[in-house]
Structure formats: C-alpha cells, structure tokens
Amino acid sequence: MDKRALSAALGAAVAAVLAVTASASATASAGNVLTTGSAGGTAVASGDVLSASLATGTKAKIATTAGGSTGITCNTSAFTATANTNPAAPGTATETVTAHTLSSCTTNIVGATGVQSITVNNLPFAASVTSGGSLTVSAGAAGPIQTTLKINTILGVTTCVYRAGSLTATPNNADNSLSFTDQLFTKFSGPGTCPGSGYFTAKYGPVLDTSQAGSPVVFVN
C-alpha cells in the first residue's frame with residue numbers, strides 16, 4: 001500500500017472512531033426521559049415516588065365550560081405517582097398515579113352553597129411521559145378516570161359523578177411544573193342540577209422525587 005492509500009485508510013478509520021465517539025457522547029448527554037437535579041442529570045429510578053402540590057399562587061379549577069369562570073375552585077391539591085420505567089431519551093417513561101387529592105374548595109355554581117368533598121375514584125391510574133413534552137394519564141385496572149363531587153345545596157347534598165377518557169398535561173423544565181388545561185370530564189351520574197361537563201385546569205410544581213435525599217426536582221428530557 002502506498003503512502004497516499006495508507007493515509008486515506010487511516011483518515012477513514014479516525015473519522016469512523018470520531019463518529020462513534022460523537023454518537024456515544026450525544027446519547028450520554030441526552031440521559032433518561034426523567035432525571036433529577038438537571039436536564040440530562042441523574043436518572044429517576046424505578047420505584048421512586050414523585051409528588052407535587054399546586055404551584056405557588058395557583059388554584060385548581062373545575063369549570064362548567066372551557067375557560068369559563070363558573071364552577072369549583074380548590075385552594076389545595078396534590079398528586080403522587082410511582083416511576084415504573086425510565087428509558088433513555090428520547091423515549092417514553094411510565095408511571096402509576098397512586099393519589100390525587102383536591103380540598104379547600106368553593107363554588108359559584110347557581111344553586112350550590114358549598115363543596116362538601118371531591119374524591120378521585122378508581123386509583124391507581126396509568127401515566128406515560130414522552131420526551132419533548134407531554135404526559136398522558138389513562139385509566140387503570142380499577143376502572144375509568146372518575147371524580148365524585150358532593151355539593152351542598154339549599155335542598156341538601158347533591159352527588160355528581162364525572163368521568164374522563166384520558167388527561168393530558170404539559171411538563172415545563174423552567175420551573176419543573178406540570179400543567180393541565182381544560183381537561184374534559186363528562187357527567188356520568190347525578191341529578192339535572194349537576195353540570196353536564198367539567199373542565200379541569202391546574203398547575204402542579206415543582207415535581208419532586210421524594211425517594212431521593214433532599215427531594216430533588218424532576219426534569220423531562
């Protein structure tokens with residue numbers, strides 16, 4: 001082999017090595033779908049418990065129309081989920097939503113005098129988090145996504161049950177939040193005084209990995 005051929009062969013070999021190294025580096029920097037500490041940071045481990053309350057200064061709302069002002073407003077709400085799978089990014093991580101609570105609620109629905117309770121039924125739910133920006137909550141083995149509202153009225157307590165096919169939220173790494181906007185629930189049972197629909201809006205954050213020391217914030221990659 002002459003010097004020019006040898007030089008070309010060596011050049012090709014070096015280029016191949018550099019390409020493989022660059023690819024490996026890109027994969028490493030991408031990290032897993034869910035990480036703590038920073039984007040591309042430490043992977044959230046299977047079995048870790050993730051939780052969040054309402055973002056500071058926000059409230060959870062169930063409006064009778066999309067974007068409307070009539071409905072129910074809750075000052076306190078929180079969720080808890082368990083991480084199941086957390087592959088390398090880009091990809092889809094899976095979680096199990098084990099708890100979701102809403103309390104300290106008021107209402108301005110005509111005929112209602114207060115909110116006795118709001119209960120999220122049929123937990124746990126399944127959840128998936130996709131790289132690039134969405135979280136989807138779907139029904140679990142216990143049954144459909146369902147919420148039972150007990151509303152005080154001048155005639156007594158009215159029970160309204162609502163169901164949703166699925167819920168979609170948007171993660172935001174800027175403040176490690178998770179936002180639901182006008183997620184539709186349709187009345188499943190209850191008297192005519194129960195609104196036909198409920199549109200759920202809430203911002204939770206920061207989302208924390210409470211299984212790790214110091215409960216670090218969670219990023220979606």
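**Briefing: a 16-strand chain, its core and its odd backbone spots**

In this predicted model, residues 24 or more positions apart make up 62% of the chain's contacts that have a separation of 6 or more. The secondary structure amounts to 16 strands and one helix. Of the 221 residues, 37% come out as buried. As for the outside, the accessible surface is about 10800 Å², and carbon and sulfur atoms hold 59% of that.

**Nonpolar core**

- The largest nonpolar core takes in 46 residues, and Leu34, Ile72, Ile118, Phe200 and Tyr204 have the most contacts inside it.
- Strand β5, running over residues 71-85, gives this core its largest share, with five residues.
- Tyr204 is worth clicking on: setting aside neighbours within four places in sequence, its contacts include Ala52, Ser53, Leu54 and Ala55.
- Further along the chain, Tyr204 also touches Ser77, Ala78 and Phe79, plus His100.
- Asn176, Ser177, Leu178 and Phe180 are on the contact list of Tyr204 too.

**Largest pocket**

- The largest pocket holds about 150 Å³ of space.
- Its lining has 13 residues, and Gly111, Ala112, Thr153, Thr158 and Thr193 are the closest to the pocket centre.
- Strands β10 (145-153) and β11 (156-164) each put at least two residues into that lining.
- If you're thinking about the chemistry of the pocket, the lining breaks down into nine nonpolar and four polar residues, with no charged ones.

**Cis peptide bonds**

- Going from Ala89 to Pro90, the peptide bond is cis, and omega is near -5 degrees.
- Pro90 sits in the loop that links β5 and β6 (92-107).
- Leu123 and Pro124 are also joined by a cis peptide bond, here with omega about 5 degrees.
- For Pro124, look in the loop between β7 (112-121) and β8 (125-130).

**Positive phi outside glycine**

- Asn122 isn't a glycine, yet its phi is positive, at about 65 degrees.
- Asn122 belongs to the loop between β7 and β8, where Pro124 is found as well.
- Asn122 has 21% relative accessibility, and the cut-off for buried is under 20%, so Asn122 counts as partly exposed.
- Ser215 is another non-glycine residue with a positive phi, near 45 degrees.
- You'll find Ser215 in the loop between β15 (208-209) and β16 (218-220).
- Ser215 counts as partly exposed because its relative accessible area is 25%.

Key
Residues numbered from 1 in each chain as written. Predicted model: local features only at pLDDT ≥ 70, side-chain atom pairs only at ≥ 80, totals over all residues. Heavy atoms only, no water. Core = buried A, V, L, I, M, F, W, Y, C linked by side-chain atoms within 4.5 Å. Buried < 20%, exposed > 50% of the residue type's maximum accessible area, 1.4 Å probe, protein only. Helix = DSSP H or I, 4+ residues; strand = E, 2+ residues; numbered from the N terminus. Contact = heavy atoms within 4.5 Å. Areas by Shrake-Rupley, 256 points an atom, 1.4 Å probe, with all protein chains shown as cover. 1 Å grid on protein atoms, 1.4 Å probe; cavity = no way out; pocket = protein on both sides within 12 Å on 5 of 7 lines; lining within 4 Å. Points joined across faces, edges and corners; volume = space filled by probe spheres on them. Nonpolar A, V, L, I, M, F, W, Y, C, P; charged D, E, K, R; others polar.
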